[in-house]
Amino acid sequence: MELVLGTILLLAAVIAANVVHLIYPRIPLAIYQIVAGILLASLPTSATNFTMHPELFMMVVIAPLMFNDGQNQSFRYLSKNTRAIFSIAIMLALVTVIVTGCLLHLAMPKVFPLALAFTLAAIITPTDAVAVKSLTTNVTMPENVSGALEYESLFNDASGIVLLDLALTAYQSGQFSLGHGLWIFAYVFFGGIIFGAVLGTILIKLRTRLMRNHVDIGSIVIPINVMTPLVVYWLAEELHFSGILAVVAAGIVHSILYDRLRLTSTKVQIATTTIWTIISDALNGLVFVLLGVLLPQVLRRTSLLSLTKLIVIALLLYLVMTAMRFVWVRWRLVRIGSTPESLSKDSLLMAIGGIHGTITLSLAFSLPVAINDHAFVFRNSIILIAAIVILISILVGAVAYPLLLPAKAKSFTEEEFHHQLTATVQYAINQLNNRSTAHREKAVVIDQLSTQLNLYHQLDQQRYQHLMAAAHQVELDTVDQLNADGVITDREANFYARFISHAVFRHSQHGFWEYFRLLWHRIKWRHFQRRHLQHHLDQNPQLKQAVQDKMTVAKQNRQVVQRILKITSKKVNQYLQSVETPENANEVALVRRAYLQQRELFSRGQELDSDTVNHLFIDAFQYEHSYVQERQAAGKLKPELANALNEQISTDELVYVQSLD
């Protein structure tokens, strides 16, 4: 039960951090998540006393994250930049571990033997692209730098893991063979890539065959996709390959599948992308929240003097690694497409972009508690150094990137987008209103189109009541005109006027007590009516005939209301169309919906023509796209705003198409 409660608390902390970041996004999300974890650890419950299981953590958390990163990459970019990726993700990682480990050993030979120094260096070498993205949300990062950082973090994680295994093996045995180490590195590294690519290809062929032979197999294909990183990682580790590299390779092979099936399985792709976005965000958040939860546990086992020394060590290690990254790019040991003018700045951005996160944390906690039947006394210190390096790298990036990079600015504001979207939807509604056929189907389509605006408008109750009163007045004037023209009789006009009065009451502002009293009276009198009616009908045959006559009159009255309502609704709709503006669009839509519900109430038993509804929807979305295109051609819409509007319209159209199932 404590495990379930602890998991719920972790997810709640992730959500809380996301909410705070949404309100004040200037501070990186990772910082909010770490703080949320620290606050979570202070709760008076044993459910937050988590015990880190490294193997389980790597398979359940890190493997899905790396697989998702892999399947979101471009195989074309990878094939074109193989040399650069090899240089920055493998060679730089290897040189960083060697140089940093040697310097750490030379500075403190008694504290850090060479193998232990390499162990710490391997832990703090991997970078985190997700952390970089969270720091550059509001700034414009050069594309060449952004791409290099992303692909570096995709592969240097595996480099760090393999080097850590070699360093730990040397520390445990006290011996290290260069030739044997290189063989193990090649076997684990390249074996993982080949195994992951082969297994990923097999799974792709399985998914492709399923999609070719069956139309809707999302419930089978999507679970296979979600389970893929777990299975690939587990099998690779059982064969002593790099599970992380196998997962990355399988993900990259899956990215090829998405390129080939771009439109042939749209529904499955959208569902898969949505699910993986949720999984990725949740797992990334869990990692940093866990860091915050576990930090107090580590700090409680560290004295103040030791903590000061560890902070100094972490800061010096960060400076050495940052300097090496700068030199590596500045001396063109890796080519990331920088021009001579931008080389220095790109080198600095790459150096600061060596931000550490999920892999560094997981590697630190993966250290064994005991080595050779003796407690691993350095474990707590290494974990704390790794945590401090993570915090320093995040804080430096959070401060430096806004100073070095221009702020990311859209060519349009949210208000402009909402205003233009409202105008676009109104244009489509007006085009449909100009049609003189399929009134019921048209009203349903217009009502659904209006829901495109609900997310961007808050109901103005006073404006809504004013529009509703004006609509009822139009309705009354229409009835008077119909009566004056002899289209309806005085009795029919009087009956419809009473019907309108009930409608006014339903759509006016009344308190809870008034609605409750009305409901109570309806239930009470209907109960008495049903109880006594049958008894009276049995005793009085004349009364039975009178009831039948009354039912006939009621049916006629219903037909009267239906006939008049068809005319008045059209007049009300014309009035609403004449007064509709982007400011009152939501209130107008609600008034339209009220009249639509009235018409549907008196049209029970009359089914809508689904083909007509579908055609009207298709035409409506086409009207919206045409409106955006015309406005852009006339120079009244900026290209970026037009693209955003078209994307929103296409998304709404896709949602409607999926609802047809």
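**Entry 1: helix 15**

I started with helix 15 and looked up which of its residues are buried: Thr358, Ile359, Thr360, Leu361, Ser362, Leu363, Ala364 and Phe365. That is eight of the eight residues in the stretch 358–365, so helix 15 is largely enclosed by the rest of the structure. Note to self: this is a predicted model.

**Entry 2: Asn284**

Next I went to Asn284, which sits in helix 12 (residues 266–300). Buried or exposed? Asn284 is buried, because its relative accessibility is 8% and the cut-off for buried is under 20%. I then checked what Asn284 touches, leaving out residues up to four places away in sequence, and found Gln33, Leu65, Val130 and Thr358. I had already met Thr358, as one of the buried residues of helix 15.

**Entry 3: Ile31**

Ile31 belongs to helix 2, which covers residues 29–41. With a relative accessible area of 17%, Ile31 is buried too. Which residues does Ile31 touch, if I skip those up to four places away in sequence? I found Ile394 and Leu395. I also looked at Ala398: it is 367 residues from Ile31 along the chain, yet their C-alpha atoms are separated by 9.7 Å.

**Entry 4: the whole chain**

I zoomed out for some totals. The protein chain has 25 helices and two strands. Of its 661 residues, 46% count as buried. I looked at contacts with a separation of 6 or more, and 81% of them join residues 24 or more positions apart. The accessible surface comes to about 34900 Å², and 62% of that belongs to carbon and sulfur atoms.

**Entry 5: salt bridges**

How many salt bridges does the structure hold? I found two.

In one, Glu152 pairs with Arg325, and the closest N and O atoms are 2.5 Å apart. Glu152 is in helix 8 (residues 143–173) and Arg325 is in helix 13 (residues 304–330), so this pair ties together parts that are 173 residues apart in sequence. I checked the cover on each partner: Glu152 is buried at 2% relative accessibility, and Arg325 is buried at 7%.

In the other, Arg463 pairs with Glu587, with 3.7 Å between the closest N and O atoms. This pair also links distant parts of the chain, 124 residues apart: Arg463 is in helix 19 (residues 461–484) and Glu587 is in helix 23 (residues 585–601). Here the cover on the partners is a mix. Arg463 is partly exposed, with a relative accessible area of 31%, while Glu587 is buried at 1%.

**Entry 6: surface patches**

I finished on the outside. Which residues make the nonpolar surface patch of about 960 Å²? My list reads Phe86, Met91, Leu94, Ile98, Val99, Leu103, Leu106, Phe190, Ile194, Val198 and Ile202. Helix 5 (82–107) and helix 9 (178–213) each supply at least two residues of the patch, and helix 5 gives the most, with seven. I picked Ile98 from helix 5 for a closer look. Ile98 counts as partly exposed because its relative accessibility is 41%, which falls between the 20% and 50% cut-offs.

Then I turned to charge. Glu55, Asp165, Glu237 and Glu238 gather in a patch of negative charge on the surface. One of them, Glu238, is found in helix 10, which covers residues 218–238.

Notes
Residues numbered from 1 in each chain as written. Predicted model: local features only at pLDDT ≥ 70, side-chain atom pairs only at ≥ 80, totals over all residues. Heavy atoms only, no water. Patch = residues over 30% accessible without salt bridge, like charges linked within 9 Å, V, L, I, M, F, W, Y side chains within 5 Å. Areas by Shrake-Rupley, 256 points an atom, 1.4 Å probe, with all protein chains shown as cover. Salt bridge = Lys/Arg side-chain N within 4 Å of Asp/Glu carboxyl O. Lys, Arg positive; Asp, Glu negative; His and termini not counted. Charge placed at Lys NZ, Arg CZ, Asp CG, Glu CD. Helix = DSSP H or I, 4+ residues; strand = E, 2+ residues; numbered from the N terminus. Buried < 20%, exposed > 50% of the residue type's maximum accessible area, 1.4 Å probe, protein only. Contact = heavy atoms within 4.5 Å.
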